[in-house]
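Load the model in your viewer and keep the selection panel open. The stops below go from the whole chain to single residues and back to the space between them.

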Amino acid sequence: MPDDKRDDAPPAIPAARPHLGEAEIAAAVAVLRSGMVVQGPEVAAFEEEFTKVSGTAHCVAVNSGTSALQLALLAMGIGPGDEVIVPSFSFAASANAVRLVGADPVFADIEPGSFCVDPDAVAALVGPRTAAVMPVHLYGHPADMDRIGALAERHSLAVLEDACQAHGAQLAGRPVGSFGAAGAFSFYPTKNMHALEGGMVTTDDPQLARTLRLLRNQGMEQRYANEIVGANMRLTDVAAAIGRVQLGRLDEWTEARRANAARLDAGIDAVTVPPVAPEARHVYHQYTVRVPAQRDRALERLREAGVGAAVYYPTPIHRLTPYAHSGAELPETDRAAAEVLSLPVHPSLSAGDLDRIVDAVNALEPK
Ligand SMILES: Cc1ncc(COP(=O)(O)O)c(C=O)c1O
């Protein structure tokens with residue numbers, strides 16, 4: 001039997017470990033006992049409390065991060081005939097939200113360091129149909145919002161931040177979700193905090209916030225007095241109660257992620273560790289290294305060593321079936337898709353886990 005398959009081998013370190021503890025369970029049970037289960041007081045409190053993360057005047061809770069993006073685009077008036085510039089190096093939801101409102105995603109290349117959209121690439125794609133730009137704060141690293149904001153202003157474009165992976169990330173002390181007309185967060189279980197499923201739109205614009213509240217609830221503020229066409233994208237109070245418990249621990253968990261990342265940065269020398277832009281507060285939803293040669297072999301070897309490494313994302317969006325007709329040429333995106341490898345960085349890693357990850361990575365061929 002090979003050494004790494006021994007019965008007494010330490011358990012594998014998972015890529016993510018969503019937390020669902022007694023406090024979350026108690027909060028959920030309390031809601032179930034109360035009978036107020038959909039978009040009640042827990043949702044209102046969650047929205048109020050999340051403004052501390054987003055730094056915006058308004059937060060509107062919805063049932064997923066994808067819904068948050070989709071409703072934000074609708075509320076901004078983006079639809080058929082419009083183009084939205086998005087990075088291709090992201091989860092498909094970023095582009096799907098654009099398509100779901102009837103607009104066309106136009107794919108921009110990324111900056112190789114931050115893995116976020118390249119403002120020069122965005123500028124080169126602006127045309128007469130461009131209505132908005134959607135930077136994605138990928139892996140928890142903020143996109144270059146100063147340059148994106150400046151070019152959006154120059155061309156009168158709306159900015160929607162996809163902050164689904166970046167709860168608490170900041171640039172020069174300013175939180176993501178507060179730079180654009182709106183931001184969108186996800187509370188899927190593997191995110192830095194979760195609510196089983198859920199999402200939040202953040203904005204400083206009271207009119208936009210009101211439209212979002214209508215859109216998520218069939219266009220109603222008053223029951224059966226429907227003002228506009230809307231959907232049902234409400235969050236349950238059970239989800240919000242779990243989200244509030246998690247929110248109470250977000251700072252502690254973020255500091256743990258950052259400390260884990262610092263330990264990995266200091267120990268890893270066989271591959272390129274993730275660079276952080278000046279003034280950026282990276283919240284390490286993922287800790288993503290580059291393995292320029294034989295990445296898939298490295299992935300296999302790490303898994304054999306019990307390290308739950310993973311690839312986000314092996315296929316850029318512009319090469320996925322629904323988008324393959326775009327014909328976009330994105331060399332940095334293709335290179336990243338071939339080279340990236342994410343290592344466990346979640347808050348429940350022990351010092352021993354971190355040593356095992358460092359040793360397993362350094363046992364790969366040197367860069
Ligand atoms: C970058 C990005 N955008 C959007 C989403 C969509 O969020 P959700 O899964 O909550 O719909 C996710 C997460 O899954 C994501 O990682």
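What distance separates the centres of domain 1 and domain 2, taken over C-alpha atoms? This is a predicted model, and in it the two centres are 24 Å apart.

**Stop 1: the two domains**

Colour residues 22-247 as domain 1 and residues 250-362 as domain 2. Now select the contacts between them: 38 residues of domain 1 touch 37 residues of domain 2.

**Stop 2: the largest cavity**

Select G113, S114, F115, Y139 and H141, then add P274, P275, H282, Q286 and T288. Together these residues line the largest cavity. The space in the largest cavity is about 40 Å³. With a threshold of 30 Å³ or more, the count is one cavity. Where does the largest cavity lie with respect to domain 1 and domain 2? It lies between them, because both domains give residues to its lining. By type, the lining of the largest cavity has four nonpolar residues, six polar ones and no charged ones.

**Stop 3: the largest pocket**

Next, show the largest pocket, which holds about 720 Å³ of space. Its lining has 40 residues, and those closest to the centre are Y188, P189, T190, K191 and H285. Select these five to place the centre of the pocket on screen. Two or more lining residues come from each of helices α3 (65-75), α4 (93-100) and α9 (250-267). Which of the elements gives the largest share of this lining? That is α3, with three residues.

Colour the pocket lining by residue type: 18 residues are nonpolar, 17 are polar and five are charged. Then colour the lining by domain: domain 1 and domain 2 each supply at least three residues.

**Stop 4: S67 in α3**

Stay with helix α3 and select S67, which is found there. Is S67 buried or exposed? Its relative accessible area is 8%, under the 20% cut-off, so S67 counts as buried. To see its contacts beyond the neighbours within four places in sequence, add V62 and M233.

**Stop 5: helix α4**

Move to α4 and select its buried residues, A93, S94, A95, A97 and V98. What covers the buried residues of α4? The cover includes helix α3 and the strands β2 (83-87), β3 (104-108) and β5 (158-162). Show these elements as cartoon, with the buried residues of α4 as sticks. Following α4 is G102, where phi is positive, near 90°.

**Stop 6: the cysteines**

Finally, select the cysteines. How many disulfides does the structure hold? The number is zero. Start with C59: its closest cysteine sulfur belongs to C164 and is 13 Å away, too far for a bond. The cut-off for a disulfide is sulfur atoms within 2.5 Å. C59 counts as buried because its relative accessibility is 2%.

Now select C116, which takes part in no disulfide. For C116, too, the nearest cysteine sulfur is that of C164, at 13 Å. With 1% relative accessibility, C116 counts as buried. Draw a distance line from C164 to the sulfur of C59 and another to that of C116 to display the two separations.

Technical notes:
Residues numbered from 1 in each chain as written. Predicted model: local features only at pLDDT ≥ 70, side-chain atom pairs only at ≥ 80, totals over all residues. Heavy atoms only, no water. 1 Å grid on protein atoms, 1.4 Å probe; cavity = no way out; pocket = protein on both sides within 12 Å on 5 of 7 lines; lining within 4 Å. Points joined across faces, edges and corners; volume = space filled by probe spheres on them. Helix = DSSP H or I, 4+ residues; strand = E, 2+ residues; numbered from the N terminus. Nonpolar A, V, L, I, M, F, W, Y, C, P; charged D, E, K, R; others polar. Domains from an automatic or database assignment. Buried < 20%, exposed > 50% of the residue type's maximum accessible area, 1.4 Å probe, protein only. Contact = heavy atoms within 4.5 Å.
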